[in-house]
Amino acid sequence: MRQSDLFMDSSILYRSTQKYFDKKLQDYHLTYAQLPVLIMVYEKEGISLQEIALQGVYDKGTITKNVQKLESLGFIEVLPSKKDKRSKELYTTTQAKSMMVDIYNLRMGWWKHLNSNIPSELIDRFSDLFLSITENAKSLADQNDTLIQFYDHQKVNLKEYPDHISTVLYTGGCNFQCSNCPRKDLVFLKQNQVELPLSDIENYLEKRKGMIQAVCIKGGEPCMHPELGSFLVYVKSLGYKVLIETNGSYPENLQEWILEGYVDYVRLLIKNAPDAYEECIGIHPYDVSKINKTIQILKESNIEYSYVTTVYSKFHSQEKLVSISKWLSDNTLYEIKSGDVDIQQLEDWISKMKVYMPNVRIGGIS
Ligand code: SF4
């Protein structure tokens with residue numbers, strides 16, 4: 001017999017349980033993922049999304065996805081709370097109520113199978129012990145459950161996401177220290193800076209579905225926040241397109257979100273030619289390998305992306321811009337924005353860049 005490994009064993013138990021229920025629930029078009037949510041609603045009619053998240057240690061995106069699925073199958077109704085119109089209450093429908101006996105029987109059958117050949121006093125002791133272990137796990141998970149924080153919100157924007165009406169959210173903090181940074185207030189957050197209530201942002205997004213088409217995330221540097229991932233799941237579950245504007249120095253997070261399908265458009269801010277990066281971003285020395293990785297990820301992805309460089313006479317020249325173009329060598333859009341350089345001068349430099357970047361043009365948002 002193999003040695004016991006609690007984590008591996010609980011993972012095997014979870015996956016076996018999932019397989020069993022997924023098969024048995026096929027006729028109801030349900031999967032195991034929705035089952036705990038359905039049972040929680042049935043056992044506490046009028047429960048809120050927040051209560052479900054707390055009880056089940058779910059992130060907001062997972063809950064929203066499962067609730068939407070249950071709603072589309074006609075098993076639950078989501079109604080505005082009578083006490084507070086901004087929150088929602090969940091109720092099971094008559095259709096769900098009529099099948100709950102079957103669900104409980106299924107659950108009992110599975111539990112009996114798991115217990116077979118084990119004395120009942122051992123099972124009782126195991127159940128108590130397992131509950132204590134789960135409570136310990138939950139308390140630490142709750143402590144570590146950081147949510148993304150936004151410090152600015154431009155409610156409607158017609159330019160950020162090409163050909164879409166978007167809303168723009170700004171994260172705080174950045175790993176670069178560009179001397180010409182237009183949002184130093186977001187990079188060097190004041191100690192008394194207050195984040196926007198996430199519930200206000202969520203209410204806004206839920207109410208504007210259909211009117212606004214895309215959510216743009218800028219900073220600071222959004223990709224430095226791994227917790228942004230669960231917010232993106234939530235935004236996608238509402239049907240919005242997502243644009244991320246990044247300095248390209250967190251390729252791992254960006255790649256994960258692209259592969260998961262959370263991102264539709266990336267705008268990559270290119271600061272300068274590789275040999276002049278550090279003077280622009282205020283970090284000495286700076287190795288551009290992370291930026292290279294981001295460029296490679298974008299080129300190999302199926303999503304839309306573009307590059308932007310804001311040009312300053314202190315840092316840039318025709319030689320530097322041609323060197324950037326050679327480095328990127330790409331057919332995608334490359335926007336050159338003037339920081340303090342004459343537009344005529346930029347036009348002249350751009351004409352030399354076209355050999356490597358045929359879609360380079362004046363414009364850009366930074
Ligand atoms: S990367 Fe962007 S946000 Fe960060 S310091 Fe530079 S300009 Fe500011």
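Q: Against which helices and strands do the buried residues of H9 pack?
A: This is a predicted model, in which local features need pLDDT of at least 70, side-chain atom pairs count only at pLDDT 80 or more, and totals for chains, interfaces and linings use all residues. Residues are numbered from 1 along each chain as its sequence is written. Helices (H or I, at least four residues) and strands (E, at least two) are DSSP runs, numbered from the N terminus, and two residues are in contact if their C-beta atoms, placed from the backbone, lie within 7 Å. The buried residues of H9 pack against helix H4 (60–72), helix H8 (198–207), strand E5 (214–218), strand E6 (241–246) and helix H10 (251–259).

Q: Why is H9 largely enclosed by the rest of the structure?
A: A residue is buried if 20 or more other C-beta atoms lie within 10 Å of its own, exposed if 12 or fewer, and partly exposed in between, with C-beta atoms placed from the backbone. The buried residues of H9 include Phe231, Leu232 and Val235. H9 is largely enclosed because its buried residues number 7 of 10.

Q: Is Leu228 buried or exposed?
A: Leu228 is found in helix H9. Beyond its neighbours within four places in sequence, Leu228 is in contact with Ile148, Ile217 and Pro222. Because 23 other C-beta atoms lie within 10 Å, Leu228 is buried.

Q: Which helix gives the most residues to the largest nonpolar core?
A: A nonpolar core is a set of buried Ala, Val, Leu, Ile, Met, Phe, Trp, Tyr and Cys residues joined through C-beta atoms within 7 Å. The largest such core has 52 residues, of which Val215, Leu232, Val242 and Val266 touch the most other members. With 6 residues, the element that gives the most to this core is helix H9.

Q: Is Asp287 buried or exposed?
A: Asp287 is in the loop between helix H11 (277–281) and helix H12 (289–300). Asp287 and Asn247 are 14 Å apart in space, C-alpha to C-alpha. Because Asp287 has 11 C-beta neighbours inside 10 Å, it counts as exposed.

Q: How many residues of the shell around the ligand are charged?
A: The residues around the ligand (C-beta atom, placed from the backbone, within 6 Å of it) include Cys174, Arg183, Glu221 and Asn247. Ala, Val, Leu, Ile, Met, Phe, Trp, Tyr, Cys and Pro count as nonpolar, Asp, Glu, Lys and Arg as charged, and the others, Gly among them, as polar. On that basis the shell has 5 nonpolar residues and 4 polar ones, and the number charged is 2.
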